Amino acid sequence: MPSEETNEARLSAWLYGVARNVLANEQRGQRRGGRLSARLRRTTPVASAAPDHAEGVVTGLHLREALDTLSERDREALQLIGWEGLDTQQAARVVGCSARAFAVRLHRARRRLESALARTDQEEPLGRLHELDGELGELGTGLRLKGRRT
């Protein structure tokens, strides 16, 4: 029955490829919407009589901005682990490399994300990295946020 396992592996890889493309289209749409929202916020003054509940949205925007600065390859590595919940072995199979090579790719992507988040925090004082812990989930595992490791 090795052929069934091979077919199942091929089908799984194909399915992840299709899902990856669908997610990429969705993310492009979300980025466009995010940029539009940011432009509207800059041009429209908002009076806040109640406590601002949008802090979580700002945190999400910081994460998206940081992810947008990364290469497609880095984003893919982080998303397969953090959002799809795959382990390194499975993610390596999806992208077509060894588990060891994928682990190195993931480590480097996490370091780049850490740097991008730090830059975002410096550029816009409203963003606080320690609040990203919940947003990052598995994406942030191993990142040093404000002097501590998650």
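## R20 and its partner in α3

At 39% relative accessibility, R20 counts as partly exposed. In this predicted model, the side chain of R20 meets that of E76 in a salt bridge, at 2.6 Å from N to O. R20 sits in helix α1 and E76 in helix α3, so this pair ties together parts that are 56 residues apart in sequence. E76 itself is buried, and its relative accessible area is 9%. That gives us a salt bridge with one buried end and one partly exposed end.

## The overall layout

Stepping back for a moment, the protein chain has six helices and two strands. Walk along the sequence and you get the pattern α-α-α-α-α-α-β-β. Of the chain's 150 residues, 30% count as buried. The salt bridges come to five in total, and the R20 pair is one we have already met.

## Helix α3, mostly under cover

Helix α3 covers residues 72–82, and it is mostly covered: nine of its eleven residues are buried. The buried ones are D74, R75, E76, A77, L78, Q79, L80, I81 and G82. Notice that charged residues turn up in that list, with D74, R75 and E76 among them.

So where do those charges go? Side chains of opposite charge can pair when their charged atoms come close. For D74, the partner is R112, and their side chains meet in a salt bridge at 3.0 Å, N to O. D74 lies in α3 while R112 belongs to helix α5 (residues 99–123), so the pair ties together parts that are 38 residues apart in sequence. D74 counts as buried, at 5% relative accessibility, whereas R112 counts as partly exposed at 41%.

R75 has a partner within its own helix. Its side chain meets that of E72 in a salt bridge, 2.7 Å from N to O. Both residues lie in α3, three residues apart, or about one turn of the helix. An α-helix has 3.6 residues a turn, so residues three or four places apart point the same way. R75 is buried, with a relative accessible area of 11%, but E72 is partly exposed at 46%.

## Helix α2

Helix α2 takes in residues 55–69, which makes 15 residues. From its first C-alpha to its last it reaches 21 Å, close to the 21 Å expected at 1.5 Å a residue.

Which residues of α2 are buried? They are T59, G60, L61, H62, L63, A66 and L67.

## Two patches on the surface

Now back to helix α1, which runs over residues 2–43. A nonpolar patch on the surface is formed by L11, W14, L15, V18 and V22, and together these residues have about 510 Å² of accessible area. V18 is found in α1. V18 counts as partly exposed at 32% relative accessibility, so it clears the patch cut-off of over 30%.

There is also a positive patch on the surface, made by R28, R32, R35, R39, R41 and R42. Take R32, which is found in α1. R32 is partly exposed, with a relative accessible area of 49%. Patch members must also have no salt bridge, so R20, which pairs with E76, could not be part of one.

Technical notes
Residues are numbered from 1 along each chain as its sequence is written. This is a predicted model: local features need pLDDT of at least 70, side-chain atom pairs count only at pLDDT 80 or more; totals for chains, interfaces and linings use all residues. Side-chain values use heavy atoms; hydrogens and water are left out. Patches are made of residues with over 30% relative accessible area and no salt bridge: like charges are joined within 9 Å, nonpolar side chains (Val, Leu, Ile, Met, Phe, Trp, Tyr) within 5 Å. Accessible areas come from the Shrake-Rupley method with a 1.4 Å probe; for residues, only the protein chains shown count as cover. A salt bridge is a side-chain nitrogen of Lys or Arg within 4 Å of a carboxyl oxygen of Asp or Glu. Lys and Arg count as positive and Asp and Glu as negative; His and the chain ends are not counted. The place of a charge is taken as NZ of Lys, CZ of Arg, CG of Asp or CD of Glu. Helices (H or I, at least four residues) and strands (E, at least two) are DSSP runs, numbered from the N terminus. Buried means under 20% relative accessible area, exposed over 50%, partly exposed in between (1.4 Å probe, protein chains only). The expected span of a helix is 1.5 Å times one less than its number of residues.
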